[in-house]
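I opened this notebook to record what I looked up in one structure. The entries follow in the order in which I made them.

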Amino acid sequence: AIGNEGADVFYGGSIGESIVRAVNESEVPGILTMEDLSSYDVLLQEPLHTRYNGQLMYIIHNMTLYERT
């Protein structure tokens, strides 16, 4: 669906609605709204990387540290 309909189906369409419903109706429910999804800004960052035992290792940044400005 995302490949055919683009990101809007995730952030504001049927896939987003399914995610919101699943989060809010789960056994241990969370709090998520369609507004949360539609107002989300993608933050593109270069991955962190280092060498370990001769191998190049990549990890993503900790997204819990991200604050909207």
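**Entry 1: a loop residue and its surroundings.** I noted beforehand that the model is predicted. I began with L44, which is placed in the loop between α4 and β1 (48-52). I recorded L44 as exposed because its relative accessibility is 77%, and the cut-off for that class is over 50%. I then found L44 in a nonpolar surface patch with Y40 and V42. Together these residues have about 350 Å² of accessible area.

**Entry 2: aromatic rings.** I next looked up aromatic pairs and obtained a count of 2. In one, the ring centres of F10 and Y11 are 4.9 Å apart with the planes at 75°, so I entered the pair as edge-to-face. F10 is partly exposed at a relative accessible area of 26%, and Y11 is likewise partly exposed at 24%. I also found Y11 stacked with Y40, at 6.1 Å centre to centre and 10° between the planes. This pair links distant parts of the chain, since Y11 lies in helix α2 (residues 8-11) and Y40 in the loop between α4 and β1, 29 residues apart. For Y40 I noted a relative accessible area of 40%, which is partly exposed. Through these ring pairs, F10, Y11 and Y40 are linked into a cluster.

**Entry 3: a helix residue.** I turned last to L37, in helix α4 (residues 34-38). With 11% relative accessibility, L37 counts as buried. Leaving out residues up to four places away in sequence, I listed its contacts as F10, Y11, G16 and V20. I also looked up L37 and G13: they are 24 residues apart in sequence, and their C-alpha atoms are 9.8 Å apart in space.

Methods. Residues numbered from 1 in each chain as written. Predicted model: local features only at pLDDT ≥ 70, side-chain atom pairs only at ≥ 80, totals over all residues. Heavy atoms only, no water. Helix = DSSP H or I, 4+ residues; strand = E, 2+ residues; numbered from the N terminus. Buried < 20%, exposed > 50% of the residue type's maximum accessible area, 1.4 Å probe, protein only. Contact = heavy atoms within 4.5 Å. Patch = residues over 30% accessible without salt bridge, like charges linked within 9 Å, V, L, I, M, F, W, Y side chains within 5 Å. Areas by Shrake-Rupley, 256 points an atom, 1.4 Å probe, with all protein chains shown as cover. Salt bridge = Lys/Arg side-chain N within 4 Å of Asp/Glu carboxyl O. Phe/Tyr/Trp six-rings, centres within 6.5 Å; stacked < 30°, edge-to-face > 60°.
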